[in-house]
Structures are given as C-alpha cells and as structure tokens.
Amino acid sequence: MKSATLLSFTEENYLKAIYSLTQKHGSPETSTSHIAEQLSTKPSTVTDMLRKLADKKLIAYEKYRKIELTKSGKQLAILVIRKHRLWEVFLHEKLQFGWDEVHEIAEQLEHIQSEELITRLERFLGFPKFDPHGDPIPSANGELHAGQRITLSDVQINKSCEVVGVNDSSAVFLKYLQQVDIGIGTKIKVLEKISFDGSMAISLPRKVSISVSKKFADNLMVIL
C-alpha cells in the first residue's frame, strides 16, 4: 500500500483518529465532537482541519453532518496505523521498552515517510501479526484482520477466556494490568457478575481471584 499524498503529522493524526473512532463505534461515520474528544482539542479546531482533509478528498464532510473517510483517506489512516504498530513491536522486542512505554514513542516514529524503511523493519521483525497490545498489524496491502474478539464484560459466568488485546493502551491501564499479572495470553475465568455496577470477580492462573470494575472489563479484549 503506497502513499502518494504527503501529509503533515497533524493531518495523519486526524485520519488515524477518525479511523479509530469508526472502528470503536462500529460505524463508517463519526462526528466533530467525537474527534475533538479523541484528540483533546476544540471542535472549532477540528472543523478547520476537516475542511483541509475534505479539500484533499480524504474525507467526505459537510458542516453539521457526520464525517466519513474516503477510500484514499482510509488507506492512509491504515498505513499510519501499520507503521505505528510495527514500531511498537520493534521498541518492545528489540529495545526492551515496556508495553506501557511504546505507544508514546511510536506516536512520533509513525510519521516517518520512508516505505523502504517500513518494509525492511517488518522483515527484520519476522513479519509480526500483532503489536505488544494484541492489536493486529495491517499488511503492506492495507488488509487488517482483528478476528473474533469480545470484551471481558461479554464473557458469561463460569466461562473461560484468553486475553488477546486491550481497548485502552494508556500507560496507567497497562501498568495496572502488570500489577495484577495480566498480559497477552493470560487465561481468565469469570466467577461472578454484579448486576448493580457491572463489576465482576475473575480467576487468574495459580488460583488467584480478584474483583474488577466494568471499565476494566470493557477495556480487556479476549477470545473464548
């Protein structure tokens, strides 16, 4: 997947944010307010950037209406995500950065434009399929397959599952996962669900049992 459009770092960040929001909400469209919240900026600032992206035919946009990536906009967003996740693997596996440290550094490295560098990086890493947080790495052709994943919240009582990813890659959440000894591949069994607040009791390897909040369970991706 080659990029003939040279974009600023900010433009790439907006495309990536729009793509991430559409994936999160299961819709091809998103809104100005959601983008502003995602990027921690003002709606008026978002509107100015959306006009620029629309002029470059990277999004379909009309004021006061939903925003949707065009085909070329989606391709560019996936390319940025591909670079980001490959750099995360490199930082984690080759430079021994913790999985709670790689995101912020990869945010800077993802804007490097050299396609040959990314091709060689992928080969050097052995063509990884997932980043350190369990997120799938898009192929060079822009294909992205997440597989059948659900949140821990969706797992029924007395059912077992395996951790395959996170919805929240913030350092705070990842550090907490390390504290309770949960990572990619950890086996979990749901023991109890509290209907009042959505919290649950879970069993971890070595018979350890802990209680977790609904927010925690919503941000942990698993397979049955």
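Contact here means heavy atoms within 4.5 Å, and that is the sense in which neighbours cover one another in this predicted model.

Let's begin with helix 3, which runs over residues 43-55. This helix has 13 residues and reaches 18 Å from its first C-alpha to its last, close to the 18 Å expected at 1.5 Å a residue. Which of its residues are buried? They are Val46, Thr47, Met49, Leu50 and Leu53. A general point helps in reading such a list: an α-helix has 3.6 residues a turn, so residues three or four places apart point the same way. The cover over the buried residues of helix 3 includes helix 1 (9-25) and helix 2 (32-39), together with strand 2 (59-60) and strand 3 (67-69). Follow the chain just past the end of helix 3 and you meet Lys57, whose phi is positive, at about 60 degrees.

Now step back to the whole chain. The domain assignment divides it into domain 1 (9-69), domain 2 (74-136) and domain 3 (150-223). Turn to the second and third of these: the C-alpha centres of domain 2 and domain 3 lie 26 Å apart. Seven residues from domain 2 and 12 residues from domain 3 take part in their contact.

How much area is buried between domain 2 and domain 3? The value is about 750 Å², with carbon and sulfur atoms giving 61% of it. On the domain 2 side, Trp99, Asp100 and His133 lose the most area to domain 3, together accounting for 76% of what that side buries. As for polar links, two residue pairs are in polar contact between domain 2 and domain 3, while the count of salt bridges between them is zero.

Technical notes
Residues numbered from 1 in each chain as written. Predicted model: local features only at pLDDT ≥ 70, side-chain atom pairs only at ≥ 80, totals over all residues. Heavy atoms only, no water. Helix = DSSP H or I, 4+ residues; strand = E, 2+ residues; numbered from the N terminus. Expected span 1.5 Å × (residues − 1). Buried < 20%, exposed > 50% of the residue type's maximum accessible area, 1.4 Å probe, protein only. Domains from an automatic or database assignment. Buried area = accessible area lost by both parts, 1.4 Å probe. Salt bridge = Lys/Arg side-chain N within 4 Å of Asp/Glu carboxyl O. Polar contact = N/O pair within 3.5 Å; in protein donor to acceptor, adjacent residues only side chain to side chain.
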